[in-house]
Amino acid sequence: MKILNIVGARPNFMKMAPIIEAMNHHPGKIDHLLVHTGQHYDEKMSKAFFEDLGMPKPDIDLGVGSGSHAVQTGKIMVAFEQVCLKEKPDLVIVVGDVNSTMACTITAKKLGIRVAHVEAGLRSRDMGMPEEINRLCTDVLCDYLFTTDHFANENLRAEGIAEEKIIFVGNVMIDTLLKHREMAAGLDVTGRLGLERGKYATLTMHRPSNVDDRGIFAGILNALQKISEALPILFPIHPRTRKMAEEFGLTDFFNSGAEVKGIRLTEPLGYLDFLHLNMNAAMVLTDSGGLQEETTVLGIPCITMRHNTERPVTCEVGTNVIVGNDPARIVAAAQNILSGKCTKGQIPEKWDGKAAERIVEWLLANV
Ligand code: UD1
């Protein structure tokens, strides 16, 4: 069986790494190539992750880079069509919900190639989120839908997807977390940054809904500044967030890194360093998707600064709370955690480090 594994943006890498590893456990049965679309290309957004995760260098790099949604999606489709025509795969595997995920799915399906989606069925029901459009387009086209939780199974059923296409395997991103947890625990990133374990928060924020409107962005930063008076916040800033903060003249909110106080910026961090920082944090503030799941498994309180989540299982059984972008609610949620009012949570079903193995075994038996 010849398979093309697709990655494009930072959150894809930790999802694909365990799938490649599981495929390598079956030599001679699967011939697989890794295709990087180049959606993320900075050293810190891409290469550092390949190194941390021990991933092989991509066999094929489409090098598409940044652009508007249409430009980026179109460029990926044009380049990936040539790859499909040359390589003639039996199956394409896409992960997550980024533009690369949808672009490669559409391209392969139009050439009559089967496609499997790993992390299928997540729904925020928010069509203002580019990722929701990517999820819907990808899932409706895919032949095999590997899911992470019961909400995803129910969403797909409700959309009329045939039962035999829905395969509940667990969470590949958690495979990666569990594999690297001990290694990350042994690092001394906190010491290097002068942080005291359990006495700081980490922050990630890059969603257009939070950083593309000056009023909303400034409101969130005001809330974060208040929180940081009690608890320093470490903020590895995403390139698009940095760009917007500079454009809006909001960089005065940040401590550029010299002191352990306020909202302290760093460059985007590698996988292991960031895992170390999150596992030792008092809380995590974020608008990311994956971090809601990682904090649930780590048992670290998570405040999600969004109006909805495509990952409700992290609120149902995990440590996540959804607070939107209202400054007062963000501050209140942090105060709640600081006063010890938060649950440890539990780990969702099948988030046990074996999701990728289940996927590969299913493919070998059924495709
Ligand atoms: C993408 C995903 C998002 C994911 C995020 C994680 C989509 C629609 N969005 O958002 O779901 O949560 O990745 O990071 O696919 N840039 C760089 N260097 C890079 C990559 C990007 O400087 O290596 C800057 C560019 O200015 C670019 C901007 O970031 O225009 C946005 O990049 P893009 O890939 O379009 O989307 P993200 O916001 O990163």
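Where does the ligand lie with respect to domain 1 (2-171 + 351-366) and domain 2 (180-338)? In this predicted model, both domains give residues to the shell around the ligand, so it lies between them. As for pockets, the ligand sits in the largest one.

Turning to the shell itself, 20 residues surround the ligand, and Gln39, His40, Asn99, Glu131 and Arg240 come nearest. Sorted by character, the shell residues split into 9 polar, 6 charged and 5 nonpolar. In terms of secondary structure, four helices each chip in at least two shell residues: H1 (10-24), H3 (69-87), H5 (130-141) and H11 (239-248). Helix H11 supplies the largest share, with 3 residues.

Now for the polar contacts. Gln39, already listed among the nearest residues, puts a polar side-chain atom 2.8 Å from an oxygen atom of the ligand. Lys243 does much the same job of pairing up, with a polar side-chain atom 3.1 Å from a ligand oxygen. For Arg240, another of the nearest residues, the distance between a side-chain N or O atom and an oxygen atom of the ligand comes to 3.3 Å. As for burial, the ligand taken alone exposes 740 Å², and the protein buries 87% of that.

Definitions and conventions: Residues are numbered from 1 along each chain as its sequence is written. This is a predicted model: local features need pLDDT of at least 70, side-chain atom pairs count only at pLDDT 80 or more; totals for chains, interfaces and linings use all residues. Side-chain values use heavy atoms; hydrogens and water are left out. A residue is near a molecule or strand if one of its heavy atoms lies within 4 Å of it. A polar contact is a pair of N or O atoms within 3.5 Å; within protein, one must be able to donate a hydrogen and the other to accept it, and residues adjacent in sequence count only if both atoms are side-chain atoms. Accessible areas come from the Shrake-Rupley method with a 1.4 Å probe; for residues, only the protein chains shown count as cover. On a 1 Å grid over the protein atoms alone, a cavity is a set of points where a 1.4 Å probe fits but cannot get out, and a pocket is an open set with protein on both sides within 12 Å along at least five of seven lines; lining residues have an atom within 4 Å of a point. A molecule sits in a cavity or pocket if more than half of its atoms lie within 2 Å of its grid points. Ala, Val, Leu, Ile, Met, Phe, Trp, Tyr, Cys and Pro count as nonpolar, Asp, Glu, Lys and Arg as charged, and the others, Gly among them, as polar. Domain bounds come from an automatic or database domain assignment.
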